[in-house]
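Got the viewer open? Load the model, switch to cartoon view, and keep the selection box handy for a short walk around.

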Amino acid sequence: MTEYNDILYIVVPCYNEEEVLHETSKRLKEKMTTLINDRKISDKSRVLFVDDGSKDRTWEIIEELHEGDDLFSGLKLSRNKGHQNALLAGLMTAKDLADISISMDADLQDSPDEIPDMRRMILEEGYDMVSGWKLKRHDPIGKRWPSKFFNWTARAASGIRLHDFNCGLKAYRRKVVKAIEVYGEMHRFIPFLAKQAGFGRIGEKV
């Protein structure tokens with residue numbers, strides 16, 4: 001069995017997610033515990049929930065999770081700054097702590113089951129960054145077509161052969177997160193910024 005003992009951070013932006021946080025934390029706990037017990041990741045690895053100024057009990061639940069288990073940690077933004085700013089705040093918090101950071105949505109549209117393989121692609125296949133690809137999307141057509149157009153233009157402009165630049169499920173080496181500066185909606189261009197910073201090994205996970 002290959003042992004790495006790297007520190008892994010899962011960054012999860014949250015906004016009014018009280019109805020799903022218990023299930024999300026349960027699924028993440030199962031996956032992370034297995035990786036820790038199998039000596040794949042360090043017991044210093046964490047799930048970082050970033051509360052983006054929620055109006056419901058999201059922050060209270062995050063606090064309860066942290067008090068009950070050191071695996072869970074939280075970052076509370078002073079006000080609602082938008083999903084992507086919450087994501088970036090989490091990545092900036094993790095960049096000096098984690099060897100690998102993985103971002104995912106709180107509502108389980110991104111499955112925790114993808115975490116081990118995305119991490120493996122970074123460590124064993126040598127990717128600097130791995131982006132998820134939602135092969136079957138359930139968004140309304142009014143949302144799918146603009147996304148398809150954006151992805152087509154992003155591929156053409158960057159030369160990076162990703163199907164879904166918008167997918168929130170992404171894995172990063174520490175050096176990638178530390179090397180790029182991203183603000184607001186520029187999260188869509190993280191693969192391009194990584195390439196510009198000299199990180200050309202960008203993979204994709206269906």
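Start with a surface on everything: the protein exposes about 10500 Å², and carbon and sulfur atoms supply 49% of that area. Accessible areas here come from the Shrake-Rupley method with a 1.4 Å probe, and for residues only the protein chains shown count as cover. This is a predicted model, in which local features need pLDDT of at least 70 and side-chain atom pairs count only at pLDDT 80 or more, while totals for chains, interfaces and linings use all residues. Residues are numbered from 1 along each chain as its sequence is written, and side-chain values use heavy atoms, with hydrogens and water left out.

Now colour by burial. Of the 206 residues, 47% count as buried; buried means under 20% relative accessible area, exposed means over 50%, and partly exposed is in between (1.4 Å probe, protein chains only).

**The overall layout**

Back to the cartoon. You should find 7 helices and 7 strands, where helices (H or I, at least four residues) and strands (E, at least two) are DSSP runs numbered from the N terminus. Follow the chain from the N terminus and the elements read β-α-β-α-β-α-β-α-β-α-β-α-α-β.

Select the strands. All 7 strands form one open sheet, ordered β3-β2-β1-β4-β6-β5-β7, with mixed pairing; two strands pair if DSSP finds at least two bridges between them. Look at the edges: β3 and β7 each have a single partner strand, so one side of each is left without a neighbour in the sheet. The twist from one strand to the next averages 20°. For that angle, axes are lines fitted to C-alpha atoms (for helices, over the stretch in contact), and angles run from 0 to 180 degrees between N-to-C directions.

**Strand β1 and its neighbours**

Next, select residues 8-14, which is β1. How many of the residues in this strand are buried? The count is 7 of 7. Show side chains and check both faces: Leu8, Ile10, Val12 and Cys14 are buried on one side, and Tyr9, Val11 and Pro13 are buried on the other.

Add β4 (100-103). It pairs with β1 in the parallel sense over 4 bridges. Two partners to label are Ile100, bridged to Leu8, and Ile102, bridged to Ile10.

On to β2 (46-51). β1 and β2 are parallel too, joined over 6 bridges, with Asp51 of β2 as the bridge partner of Cys14. Trace the chain from β1 through α1 to β2 and you follow a right-handed β-α-β crossover. Right-handed means that, with the strands pointing away from you, the path from the first strand over the helix to the second runs clockwise.

β2 itself is mostly covered, with 5 of its 6 residues buried. It runs parallel to β3 (residues 72-76), joined by 5 bridges, and Val50 stands opposite Leu75 in β3. The route from β2 to β3 goes through helix α2 (residues 58-68), and this β-α-β crossover is right-handed.

**Helices against the sheet**

Select residues 83-94 to bring up α3. This helix lies across β1, β2, β3, β4 and β6, and runs at about 155° to β1.

Then pick α4 (115-123). Which residues of α4 are buried? They are Ile115, Met118, Arg119, Met121 and Ile122. These cover an arc of only 155° around the axis, which puts them on the same side of α4; the arc is that of the directions from the helix axis to the C-beta atoms. Among the elements covering them are β1, α1, β4, β5 (129-132), β6 (170-173) and β7 (202-205).

For a chain-wide view, turn on contacts (heavy atoms within 4.5 Å). Of the contacts with a separation of 6 or more, 77% are between residues 24 or more positions apart.

**Two loop residues to finish**

Most residues other than glycine have a negative phi. With that in mind, zoom in on Arg39, in the loop between α1 (21-37) and β2. Arg39 is not a glycine, yet has a positive phi of about 60°. It counts as exposed because its relative accessibility is 53%.

Last stop: Leu108, in the loop between β4 and α4. Leu108 has a positive phi of about 65° although it is not a glycine. Its relative accessibility is 24%, so Leu108 counts as partly exposed.
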